Amino acid sequence: MAEAAMYECPCCDRRTHWHNTACPYCGADLAECALIDEAADLRFNAGLAAARDQHWLQAMQHLLLAVEGRPTDAGAWVLLGKVHAKMGLPAAARACFKEALAYAPRDARAQAAFVACGGKQLTPDMLKGL
Ligand SMILES: [Zn+2]
């Protein structure tokens, strides 16, 4: 199970999966959290479709909402960074790739994209501070 798909139950602070509609530990109703996650999936998919069609602004709008709903989604941050790069915004792209690396430090796509946008090669020690 991907760590990015986990979050802390607001009632008992134990880690649970985004898709759970009830906390497996304390039984809290997590339906609204699951809906937020589903919305993030829909936004990500819409962003991906727009990016494939090279509708960069539309892709950016969907992906910003996707990462707002699920800020730990490294894949969404990488795609958002690539969209920024395509729009000629390398500094914003690097910021997105750094976000991705904060949640997935070993993500080779994020590392390569960060360096391709002018970022310095990141060492594991540098990633700890992100
Ligand atoms: Zn709980």
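1. Order of elements. From the N terminus on, the protein chain of this predicted model runs β-β-α-α-α-α-α-α. The secondary structure thus comprises two strands and six helices, with both strands placed ahead of the helices in the order of elements.

2. Confidence. The protein chain has a mean pLDDT of 88, and 89% of its residues reach 70 or more. Confidence is highest in helix H3, where the mean is 96. It is lowest in helix H6 (residues 124-128), with a mean of 61.

3. Burial and contacts across the chain. The protein chain has 130 residues, of which 33% are buried. Among the contacts with a separation of 6 or more, 29% join residues that are 24 or more positions apart.

4. Geometry of the H1 and H3 pair. Helix H1 covers residues 31-52 and helix H3 covers residues 74-86. The two pack with their axes 11 Å apart, at an angle of about 30°. Angles under 35 degrees count as roughly parallel, and H1 and H3 are therefore roughly parallel to each other. The crossing in which H1 passes H3 is left-handed.

5. Residues at the H1 and H3 contact. On the side of H1, the contact is formed by Phe44, Gly47, Leu48 and Ala51. These meet Ala76, Leu79 and Val83 in H3. By class, the residues of this contact are six nonpolar and one polar, with no charged residue. The helix on one side of this contact, H3, is also the element with the highest confidence in the protein chain.

6. Asp13. This residue lies in the loop between strand S1 (6-8) and strand S2 (15-17). The phi of Asp13 is positive, near 65°, in a residue other than glycine. Is Asp13 buried or exposed? A residue counts as exposed if 12 or fewer other C-beta atoms lie within 10 Å of its own; Asp13 has 9 C-beta neighbours inside 10 Å and so counts as exposed.

7. Gln54. A second positive phi, of about 60°, occurs at Gln54, which is not a glycine. Where is Gln54 found? Its place is the loop between H1 and helix H2 (56-69). Gln54 counts as exposed because it has 10 C-beta neighbours inside 10 Å.

Technical notes:
Residues are numbered from 1 along each chain as its sequence is written. This is a predicted model: local features need pLDDT of at least 70, side-chain atom pairs count only at pLDDT 80 or more; totals for chains, interfaces and linings use all residues. Helices (H or I, at least four residues) and strands (E, at least two) are DSSP runs, numbered from the N terminus. A residue is buried if 20 or more other C-beta atoms lie within 10 Å of its own, exposed if 12 or fewer, and partly exposed in between; C-beta atoms are placed from the backbone. Two residues are in contact if their C-beta atoms, placed from the backbone, lie within 7 Å. Axes are lines fitted to C-alpha atoms, for helices over the stretch in contact, and angles run from 0 to 180 degrees between N-to-C directions. Angles under 35 degrees count as roughly parallel, over 145 as roughly antiparallel, 65 to 115 as roughly perpendicular and the rest as oblique. A crossing is left-handed if the near helix is turned anticlockwise from the far one by less than a right angle, and right-handed if clockwise. Ala, Val, Leu, Ile, Met, Phe, Trp, Tyr, Cys and Pro count as nonpolar, Asp, Glu, Lys and Arg as charged, and the others, Gly among them, as polar. pLDDT is the predictor's confidence in each residue, from 0 to 100.
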